[in-house]
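User: I'd like to learn how to read a structure like this one, feature by feature. Could you walk me through it?

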There are 2 protein chains.
Amino acid sequence: MDVFVSGIGMTRFGKSKDSLESMMAEAAAMALRDADLESVDAIYIGVMNVEEFVGDSNFATLLADTLNLTGVPSTRVETASSTGAGVFEAAFYAVASGHLKHVLVLAGEKMTHLPTAKTTRILSEVIDRSERRYGATMPALAAMVAQKYGQEYKLSPERLGEIFAQVAVKNHHNGSLNPYAQFRKEITRDDYFRSQMVSYPLRLYDCAPITDGASAVVLTSEPSRIRVSGIGHATDTSAIRHRASLTSFNSTKEAALKAYAMAQLNPSDIRFAEVHDAFTPFEIIGTEDLGFFQQGEGWKALENGTTQLEGNLPVNPSGGLKSRGHPVGASGLAQMVEIILQLRGEAGQERQLEKAEVGLAQSVGGLGNNNIVTILERCDRKRVLKEGWKPDYHPEIKVLKKEIIPPPPEGPGVIEAFTVLYATPEGFRSPLTLGLVRAKGGEKVMACNPDYRNPKGLKMGQKVHLSMKEGFYLFEKRTWWGKLASWWKKKDKPS
Amino acid sequence: MDVFVSGIGMTRFGKSKDSLESMMAEAAAMALRDADLESVDAIYIGVMNVEEFVGDSNFATLLADTLNLTGVPSTRVETASSTGAGVFEAAFYAVASGHLKHVLVLAGEKMTHLPTAKTTRILSEVIDRSERRYGATMPALAAMVAQKYGQEYKLSPERLGEIFAQVAVKNHHNGSLNPYAQFRKEITRDDYFRSQMVSYPLRLYDCAPITDGASAVVLTSEPSRIRVSGIGHATDTSAIRHRASLTSFNSTKEAALKAYAMAQLNPSDIRFAEVHDAFTPFEIIGTEDLGFFQQGEGWKALENGTTQLEGNLPVNPSGGLKSRGHPVGASGLAQMVEIILQLRGEAGQERQLEKAEVGLAQSVGGLGNNNIVTILERCDRKRVLKEGWKPDYHPEIKVLKKEIIPPPPEGPGVIEAFTVLYATPEGFRSPLTLGLVRAKGGEKVMACNPDYRNPKGLKMGQKVHLSMKEGFYLFEKRTWWGKLASWWKKKDKPS
């Protein structure tokens, strides 16, 4: 059964004094009014971590009650930071099954009321335990991804900074035109470079902010102007050290494959996209993984203007997570709201895209390991009917073989990626130097070094010495004094 | 599209040394083997509060990875303590939509590793904030329900105890025959009465235990022996003080109405049921709400043996939550596993029911406010084909009118229900006397009294004086010395 959109709503994103349930109720009321409905057959709510951010459990019930829809079935869905898209997918199946006619999809998160270090700690729980225990945060892992992207595609740190600045400047420009955005201000290249370092080389303006907000969509089996034409969803390894590549996400590629197949569309059919730019490098990698650009060439689209609002393939016309804000559970659904506004021609004079007939949303859960791709289109769109659809998107999915050799507790290694993290989670001292180190057997491990506090002292691909201390891997540069020190340490040990 | 069951699996419930993901992987491996599958199109996982019990977020991804199914889409679903049934429902729609063929449904919880007061605090977060802030726990609210049931149906406290003991003895007997049960031991009436008071009048043997465990089901669109024939889901008010009745759950009734309608069956067609006996009174109320017995007469089925293993309508042949154990996220799905074992004739010689052709599971989320009813049947069951199905289940749904008059901060009131709670959550002193008090305007409020420590001093329907202290309602018996004290207090206040 086909699934259509009959209503949308959202709060302005930002720092709010309202409770999470009030914000979600505001978005829901707007969507129900838009759909001209007083009630629905079911509510699907997306919140990522209401347990720790707000201290509530059984939130689906509280929401039904707050909405004055007591009685209506209400289910909570969660897929980490792609939750807004995950809850949309679950509701899509409920309507597509034919068992439910009108379903309210509702997503939100309340985050700004907590101290930043606590919020950072809660957000870090999406990271695999083996990496999180070192103090690794989402910005820290994204910083490693950024470094690896620069190394792999031979972009100097300076060049990389210029590219990331272009993403930030573009998305802030778009966000300045979006009444729902947290930051309605333009930023300049200079603002970008003046912003503080969060996790080297990522600055404040590379990272989506901490945000409160809610978004809502009503799905229905009754034909309307907008149709959900494709949804794809895929996971990847929990730990990033188990990935064959850090510079592209298998989960986006596999999700996109499924979404394009369901919609019988190809990347070239997509007119605009909302891409999960929780970190500036993620937008670039996202546009490559979705098949819009070749691997390693996504950054060129920023330089030649393709992904600008007036370009051929506008990316994040809403301002993206970067500028609209990122209430983690809500962002995926806010992407849908933007796409629907654009498809309906209701995005407002300044932001409205021409030829907005097919839009795609890519949502990233965790560090690229629970990703969802959704395609929406106008029902009145002329489809060139061919004899059967031919896919022209054939991404390469690289996977590490599963039998991993346990790394030696001590010995030589190579820095695969590193970062110096300044915004540490609760319980960790700042700054914190983290390295993803490839040990001799080939396996990668997360490691730290409390002595390095300046990123200039480290290089990608550098040879290091890996040792074990109190259950943690430490890495040190292999210098003559380092060797001497380790010899000295050994000498000291009782034999 | 019809949805069938092709595989089941579960761990033994109890206190486990394994991690939550290991337990869930064990149940999943069993279900996949049973379904003769190596992979699936999607994984739906149910965990109620993995954030606080285990300290993880992004658990759906971790599970896919642990199962060696990296790549497969994985979604977490939660509906409080009915999560196991909620995740089954979401997966049911995914298969029914025709978009996915084989879906692994997986549910689990790990709870025994934490101190009981902390577990109690986490479990209490399903309760509405306005009631939870007084220290109300699930057993405390269930105790109030129990008291109200006794008052409404004129059963003395002694009689009520005998009835509850019969539920506990029956379910422990059934559980003693279930290799997956946490408690494989029979208990006697004397054991019941010797067990400690948790929240007056509920004893240890009235309450489901704290448990670790996981259960799994594979749903498929390929015809198999067992069909999912009906699912219904409904919510109720977040706070119990907003209910018109405490002795029946609207959410069960509305869910049952939908499930019977989808299955085109009536209560009399059900051959056996798993009913959410988190507390002994809930089994009795559940069997009434499901239309098996008249309101206020469910307890008679225990006395006349109807719900025993050899009765006409066995209830909780598995031992129920009481004896199988209650890993909160897993229980709903464990109910399905039991029903499927019975339908397949694989429940084992001692527990196998005759005429097990149609089974029903009722799962309670929170304090009866997110309930799900699921009906499963054998595909080879002979259905007497009539000219259209005629429903004979017409439950009464009582709802409080929405405009609630704010209660006066001070004044006379009546005890609607009360309890003395001994097993208090983290941060609250034991014992704790809680009362649901009807104020003059008609609204009910939660209130406490730190001076009463003995339940014998209070009575249902007693007149009390309600006052406000530091933002909390206090209630006191209206005695001459109480009146004097309140006059004295007033006198003291600056005018």
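Analyst: Sure, let's begin with strand pairing. In β15(A), Val464(A) is the bridge partner of Gly413(A). That pair belongs to a wider pairing: β12(A) and strand β15 (residues 463–469) of chain A run antiparallel, with 4 bridges between them. Keep in mind that this is a predicted model.

User: Which strand do 6 bridges join to β15(A)?

Analyst: That's strand β16 (residues 472–477) of chain A, again antiparallel. As a register marker, take Met468(A), which stands opposite Tyr473(A) in β16(A). The hairpin of β15(A) and β16(A) has 2 residues between the strands, and Glu470(A) in this hairpin takes a positive phi near 50°.

User: How should I read a positive phi in general?

Analyst: Most residues other than glycine have a negative phi, and most peptide bonds are trans. Exceptions to either habit deserve a look. Besides Glu470(A), with its phi near 50°, there's Lys154(A), a non-glycine residue whose phi is also positive, near 50°. Lys154(A) sits in the loop between α7 (138–152) and α8 (157–176) of chain A.

User: And the peptide bonds: which residues does a cis bond join in chain A, and what is omega there?

Analyst: Ser430(A) and Pro431(A), with omega about -5°. Pro431(A) is in the loop between β12 (411–421) and β13 (432–439) of chain A. In chain B, look at the step from Tyr200(B) to Pro201(B), which is cis with omega near 5°. Pro201(B) is likewise in a loop, the one between β5 (197–199) and β6 (202–203) of chain B.

User: Now the two chains together. How do I describe the way one copy sits relative to the other?

Analyst: Two copies of a chain are related by a rotation about an axis and a shift along it. Here, chain A superposes on chain B by a rotation of 180° with 0.0 Å of shift along the axis, at an RMSD of 0.0 Å. That is the relation of a two-fold axis. To find the axis on screen, go to Ser97(A): of the residues of chain A, Ser97(A) comes closest to the axis, with its C-alpha at 1.8 Å.

User: Why do the copies meet through the same surface?

Analyst: Compare the residue lists: 100% of the interface residues of chain A are also interface residues in chain B, so the copies meet through the same surface. In counts, 57 residues of chain A contact 57 residues of chain B. About 4,400 Å² is buried between chain A and chain B, and carbon and sulfur atoms give 45% of that area.

User: What about polar contacts across the interface?

Analyst: Between chain A and chain B, 28 residue pairs are in polar contact, both residues having pLDDT 80 or more. Several elements of chain A each supply at least two residues to the side that touches chain B, including α2 (50–53), α4 (83–96), β8 (226–235) and α10 (250–263). The element giving the most to that side is α3(A), with 6 residues. By residue class, the side of chain A that touches chain B divides into 21 nonpolar, 20 polar and 16 charged.

User: Do strands pair across the interface too? Which ones should I look at?

Analyst: Look at β3(A) and strand β3 (residues 74–78) of chain B, which pair in the antiparallel sense over 3 bridges. Arg76(A) is a handy landmark, standing opposite Glu78(B) in β3(B).

User: How many salt bridges are there between chain A and chain B?

Analyst: There are 8 between chain A and chain B, while the count over all chains comes to 60. Try Arg129(B): its side chain forms a salt bridge with Asp56(A) at 2.4 Å, N to O. Arg129(B) also meets Glu21(A) in a salt bridge, at 2.8 Å, N to O. Glu21(A) lies in helix α1 (residues 20–35) of chain A and Arg129(B) in helix α6 (residues 129–132) of chain B, so this pair joins two chains.

Methods: Residues are numbered from 1 along each chain as its sequence is written. Chains are lettered from A and ligands numbered from 1 in the order in which they are written. This is a predicted model: local features need pLDDT of at least 70, side-chain atom pairs count only at pLDDT 80 or more; totals for chains, interfaces and linings use all residues. Side-chain values use heavy atoms; hydrogens and water are left out. Contact means heavy atoms within 4.5 Å. Buried area is the accessible area (1.4 Å probe) that two parts lose on being put together, summed over both. A salt bridge is a side-chain nitrogen of Lys or Arg within 4 Å of a carboxyl oxygen of Asp or Glu. A polar contact is a pair of N or O atoms within 3.5 Å; within protein, one must be able to donate a hydrogen and the other to accept it, and residues adjacent in sequence count only if both atoms are side-chain atoms. Ala, Val, Leu, Ile, Met, Phe, Trp, Tyr, Cys and Pro count as nonpolar, Asp, Glu, Lys and Arg as charged, and the others, Gly among them, as polar. Two strands pair if DSSP finds at least two bridges between them. Copies are superposed by least squares on the C-alpha atoms of residues with pLDDT of at least 70 in both.
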